[in-house]
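User: I would like to learn how to read a structure of this kind, feature by feature. Please give the general idea each time, then the case at hand.

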Amino acid sequence: MAAIELDGIVRRFGDTTAVADVSLATERNEFLVLLGPSGCGKTTLLRMIAGLLPPSDGRILVDGRDVTPLPPRERDLAMVFQNYALYPHLSVERNLGFGLSVRRTGREEIRRRVDEVAELLDLGHLLRRRPKELSGGQRQRVALGRAMVRDPRAFLMDEPLSNLDTKLRASTRSQLISLHRKLDTTFVYVTHDQIDAMTMATKVAVLNHGRIEQFGAPVEIYDEPASAFVAGFMGAPPMNLLPAELSTDHDDRLVVRGPGVAVSLPHRGGTDPGARLVLLGVRPEHLVPVPADHTGPALRGRVDIVENLGNEEIAECQIGNQRVSIRGSRPIGLAPGDATTLAVRPEHVHLFARQSGRRLVWEPEQAPALVP
Ligand SMILES: Nc1ncnc2c1ncn2[C@@H]1O[C@H](COP(=O)(O)OP(=O)(O)OP(=O)(O)O)[C@@H](O)[C@H]1O
Ligand SMILES: [Mg+2]
């Protein structure tokens, strides 16, 4: 039985369709990340799951039960918002217990739950303080703890780390991962940050204009993006995407050609895919500078900028009239102004139909086909 199931969810605001036909199901105890750019419908979707906003169409099921008509308090879900408003005049202890005291839980029971959660989140020494006497990360943990005292069926979180600096973000991520393991509960986590998704998720739904572009484990999304949109969203820098034309040569190899692009791929299907307009996708870490007389698949162009990240370097090159990023250990061996040849291994080449953006598969035994 799925922990959370969305069945044909639609939400319109007047003429705007914020969420257009979203269906997915998560197993119990999944850490589901809803990932996508600003305005793609993440918050709208989460608010519908929480019961704060009715869908225009579709059903929401929690542990197999249709909760669509139910108000938030009957869904037994806990929501943590981006601006985790704590009660400023109450101590951490009373903030943590607030949800239980309004439900008229006994004093002993409240103390027991608050102590348990404080222990889990390492807040025990802060119980007497007021929110203004806490750091951003500590406030974040109190907001989380306030949701946790209730032992809900699932936690719904909307960009809960967005107010934290880089270092605190990283450590709070690790805390969330171990918390998820300990609590054995479903998490639904909204973010536009692909690093959040890669590090914490067991499943990611990538959203674009209110639709799911891809739903899968983080590695699947990174290694086999279903569309050019997903490829261009995941990774920092994201996958390079170059317009090119696809054909077969007399040896029945696939040939991808474009300005500065000459990539030939093993392909023994015997079916002529015909010339078609594609986007050639290569991740920055899969491009390697090689001598100019290199004969394998390669991109050719000029180096613009080399950025030093300490352990690695990122070079920006001009290939045809496209910008291409390369990422590698320092020194990467490129200098601004250099002519460069960048090799790529066939297994690291991704192809997308230029018009629809959908991934093309080109297994050696098959003609390229659209992934359904
Ligand atoms: N109450 C509303 N009335 C009208 N339009 C709305 C309303 N709420 C959201 N929208 C629109 O619906 C779309 C999705 O909004 P939503 O807040 O879900 O995006 P989001 O993915 O959470 O973005 P962000 O990353 O910026 O928080 C946007 O185009 C937004 O302008
Ligand atoms: Mg939002």
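Analyst: What follows covers the ligand site, then strands and sheets, then two single residues. This is a predicted model, in which local features need pLDDT of at least 70, side-chain atom pairs count only at pLDDT 80 or more, and totals for chains, interfaces and linings use all residues. Residues are numbered from 1 along each chain as its sequence is written, chains are lettered from A and ligands numbered from 1 in the order in which they are written, and side-chain values use heavy atoms, with hydrogens and water left out.

User: Which residues surround ligand 1?

Analyst: A residue counts as near a molecule if one of its heavy atoms lies within 4 Å of it. Around ligand 1 these are Phe13, Ala18, Pro37, Ser38, Gly39, Cys40, Gly41, Lys42, Thr43, Thr44 and Glu159. Helices (H or I, at least four residues) and strands (E, at least two) are DSSP runs, numbered from the N terminus. Helix 1 (residues 42–50) gives the largest share of the shell, 3 residues.

User: How many residues of each class does the shell around ligand 1 have?

Analyst: Ala, Val, Leu, Ile, Met, Phe, Trp, Tyr, Cys and Pro count as nonpolar, Asp, Glu, Lys and Arg as charged, and the others, Gly among them, as polar. The shell holds 4 nonpolar, 5 polar and 2 charged residues.

User: Which side chains have polar atoms close enough to an oxygen atom of ligand 1 to make a contact?

Analyst: A polar contact is a pair of N or O atoms within 3.5 Å; within protein, one must be able to donate a hydrogen and the other to accept it, and residues adjacent in sequence count only if both atoms are side-chain atoms. A polar side-chain atom of Thr43 is 2.8 Å from a ligand 1 oxygen, and a side-chain N or O atom of Thr44 is 2.5 Å from an oxygen of ligand 1. Cys40 contributes a polar backbone atom, 3.2 Å from a ligand oxygen. Ligand 1 taken alone exposes 630 Å², of which the protein buries 57%; such areas come from the Shrake-Rupley method with a 1.4 Å probe, and for residues only the protein chains shown count as cover.

User: Is strand 7 buried or exposed?

Analyst: Buried means under 20% relative accessible area, exposed over 50%, and partly exposed in between (1.4 Å probe, protein chains only). In strand 7 (residues 154–158), 5 of its 5 residues are buried. Ala154, Leu156 and Asp158 lie on one side, Phe155 and Met157 on the other.

User: Which strands pair with strand 7?

Analyst: Two strands pair if DSSP finds at least two bridges between them. Strand 6 (residues 77–80) pairs with strand 7 in the parallel sense over 4 bridges, with Val80 opposite Met157. Strand 8 (residues 186–191) also pairs with strand 7 in the parallel sense, over 5 bridges, and Phe155 stands opposite Phe187. From strand 7 the chain passes through helix 5 (residues 166–183) to strand 8 in a right-handed β-α-β crossover; right-handed means that, with the strands pointing away from the viewer, the path from the first strand over the helix to the second runs clockwise.

User: What is the strand order in the open sheet of 4 strands?

Analyst: The order is 2-1-4-5, with antiparallel pairing. Strand 2 (16–26) and strand 5 (65–66) each have a single partner strand, so one side of each lacks a neighbour in the sheet. Strand 4 (residues 57–62) is joined to strand 5 by 2 bridges, and Leu61 stands opposite Asp66.

User: Where are Leu35 and Tyr87 found?

Analyst: Leu35 lies in strand 3 (residues 31–35) and is buried, at 0% relative accessible area. Tyr87 is in the loop between strand 6 and helix 2 (92–101) and is partly exposed, at 32%.
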